[in-house]
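Subject: Handing over a structure, with notes on what was found

Dear colleague,

I am passing this structure on to you, and the notes that follow are meant for someone opening the file without any earlier acquaintance with it. Please have the sequence and the structure in view as you read.

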Amino acid sequence: MMAPVTLAIDAMSGDHGHDVVVSACLHALEKHPELHLILVGDERQLHKALPGAYRRADSRLSIHHASERVAMDELPSKALRGKKDSSMRVAVDLVKKQVAQAAVSAGNTGALMAISKFVLKTLPGIDRPAIISALPTLNGATHVLDLGANAACTSEQLFQFAVMGSALVTALQGTERPRVALLNIGQEEIKGNETIKAAAAMIAGSKLNYAGFIEGDGIFLQPVDVVVCDGFVGNVALKAGEGVAKLVRQFMREEFTRSARTKILALIARSVLTALSRRMDPRRYNGASLLGLNGTVIKSHGGADALAFANAIKVGMREVENQVPTRIQTLLQESLAQRPAVMSASA
């Protein structure tokens with residue numbers, strides 16, 4: 001039997017309120033017998049959302065009261081300084097106090113990053129945390145970071161992102177030497193700005209399995225495990241990909257309902273369409289990690305439904321079970337120890 005895993009859930013977060021979060025939590029508890037959850041939020045509201053289900057969950061589900069909530073459009077500085085009893089802050093505090101092993105929130109991304117960095121701090125050798133998530137590809141999935149936490153990055157920080165992403169993929173997928181690529185405006189070595197070129201030299205001179213530059217379409221088409229970029233570029237790439245997926249689904253819906261004939265064709269192709277829809281379903285990939293922290297924090301999409309939020313909980317469980325922060329620190333130390341020797345030898 002697997003060791004127990006305890007997660008603190010920001011139950012007041014997201015666009016749909018605590019009912020969706022509670023539903024997701026109950027589903028996760030039924031599916032994972034080793035899971036323990038702490039619902040953080042307004043105790044009265046959460047008790048109302050948990051009538052008979054709370055008794056069925058028994059000792060694996062508890063409520064920790066928090067009197068405040070961080071709004072989705074709230075300034076991160078206000079959330080950090082002015083709402084110390086918010087459900088988001090308390091959930092992260094429980095990780096700091098080692099009452100929980102990870103926190104999961106669908107709340108304000110900027111506030112969650114600011115609070116998590118302030119409370120948990122970054123790992124030694126890591127300048128800034130980064131947001132990473134899996135994206136569907138022809139080969140299964142690839143992990144992309146940063147997806148919005150850092151609009152501008154130095155080459156050293158991009159190198160750190162490469163280490164963090166590589167450690168995460170090894171931990172979660174068992175890939176011994178994940179293929180790491182840098183997102184760029186071309187695959188040729190002469191392409192890109194000086195920051196990208198310097199980052200490429202650092203990654204290539206380390207123990208990481210560097211696969212070279214990759215363009216935007218390569219995120220979804222090339223056989224790589226980790227794609228590294230700054231948060232500005234990463235967030236644009238993520239939103240563009242999500243938009244294209246929605247566009248394809250809408251086009252298919254329109255074409256298959258255009259006439260009686262196409263409706264019949266849709267019925268014939270129903271199993272194929274269902275499989276395609278499942279492969280492109282963003283809910284299956286919900287749950288972005290705030291990597292580089294001295295603890296585990298998972299960001300769910302604000303508009304997540306119960307299925308999507310349950311997947312974010314699963315991501316948190318897997319990262320706890322595989323000790324991702326420890327693996328990042330170990331790989332970073334090994335990479336930094338090797339890099340000077342390799343670079344001096346090639347000079």
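Between which helix and which strand does the loop that holds Asp-146 lie? Asp-146 is found in the loop that runs between β6 (140-145) and α7 (155-173), and a cis peptide bond, with omega at about 5°, joins this residue to Leu-145. Please keep in mind throughout that this is a predicted model, and that the values below are computed from it.

To begin with the chain as a whole, it has 14 helices and 11 strands. Its radius of gyration is 21 Å, which is close to the 20 Å that the globule rule gives for 347 residues, so the chain is as compact as a globular protein of that length. Taken along the principal axes, the C-alpha atoms fill a box of roughly 70 × 60 × 45 Å. Of the 347 residues, 49% are buried, and the accessible surface comes to about 16600 Å², with 55% of that surface belonging to carbon and sulfur atoms. When one considers the contacts between residues at least 6 apart in sequence, 72% of them join residues that are at least 24 apart. As for charge, there are 39 positive and 32 negative side chains, and the centres of these two sets lie 4 Å apart.

A helix you may wish to look at next is α5, which covers residues 87-96; 9 of its 10 residues are buried, so this helix is largely enclosed by the rest of the structure. The buried residues of α5 include Ser-87, Arg-89 and Asp-93, as well as Met-88, Val-90 and Leu-94. After α5 comes Gln-98, whose phi is positive, near 65°.

Two other residues also deserve a look for their backbone angles. Lys-121, in the loop between α6 (109-120) and β5 (130-137), has a phi near 65°, a positive value in a residue other than glycine, and with a relative accessibility of 45% Lys-121 counts as partly exposed. Gln-323, which sits in the loop between α13 (306-321) and α14 (324-346), likewise has a positive phi, near 50°, although it is not a glycine; Gln-323 is exposed, its relative accessible area being 53%.

Several residues bring together parts of the chain that are separated in sequence. Ser-289, in strand β10 (residues 288-291), counts as buried because its relative accessibility is 3%. Apart from neighbours within four places in sequence, Ser-289 is in contact with Ala-130, Ile-131 and Ile-132, with Val-297 and Ile-298, and with Val-315 and Glu-319. Glu-319 appears again in connection with Ala-171, a residue of helix α7, since the C-alpha atoms of Ala-171 and Glu-319 are separated by 7.7 Å although their positions lie 148 residues apart along the chain. Ala-171 counts as buried at 6% relative accessibility, and, leaving aside neighbours within four places in sequence, it is in contact with Asn-322, Val-324 and Arg-327.

Arg-60 offers another case, in the loop between α3 (51-57) and β3 (61-65). The C-alpha atoms of Arg-60 and His-36 are 24 residues apart along the chain and are separated by 4.5 Å. Not counting residues up to four places away in sequence, Arg-60 touches Leu-29, His-32, Pro-33, Leu-35, His-36 and Leu-37.

Finally, a word about the cysteines. How many disulfides does the structure hold? The structure holds 0 disulfides. The sulfur of Cys-153 lies 8.4 Å from the closest cysteine sulfur, which belongs to Cys-229, and this is too far for a bond; a disulfide would require the two sulfur atoms to be within 2.5 Å. Both residues can be placed with respect to the surface, for Cys-153 is buried with a relative accessible area of 13%, and Cys-229 is buried with a relative accessible area of 2%.

With kind regards

Note on methods. Residues numbered from 1 in each chain as written. Predicted model: local features only at pLDDT ≥ 70, side-chain atom pairs only at ≥ 80, totals over all residues. Heavy atoms only, no water. Helix = DSSP H or I, 4+ residues; strand = E, 2+ residues; numbered from the N terminus. Rg over C-alpha atoms; globule rule 2.2 N^0.38 Å. Buried < 20%, exposed > 50% of the residue type's maximum accessible area, 1.4 Å probe, protein only. Contact = heavy atoms within 4.5 Å. Areas by Shrake-Rupley, 256 points an atom, 1.4 Å probe, with all protein chains shown as cover. Lys, Arg positive; Asp, Glu negative; His and termini not counted. Charge placed at Lys NZ, Arg CZ, Asp CG, Glu CD.
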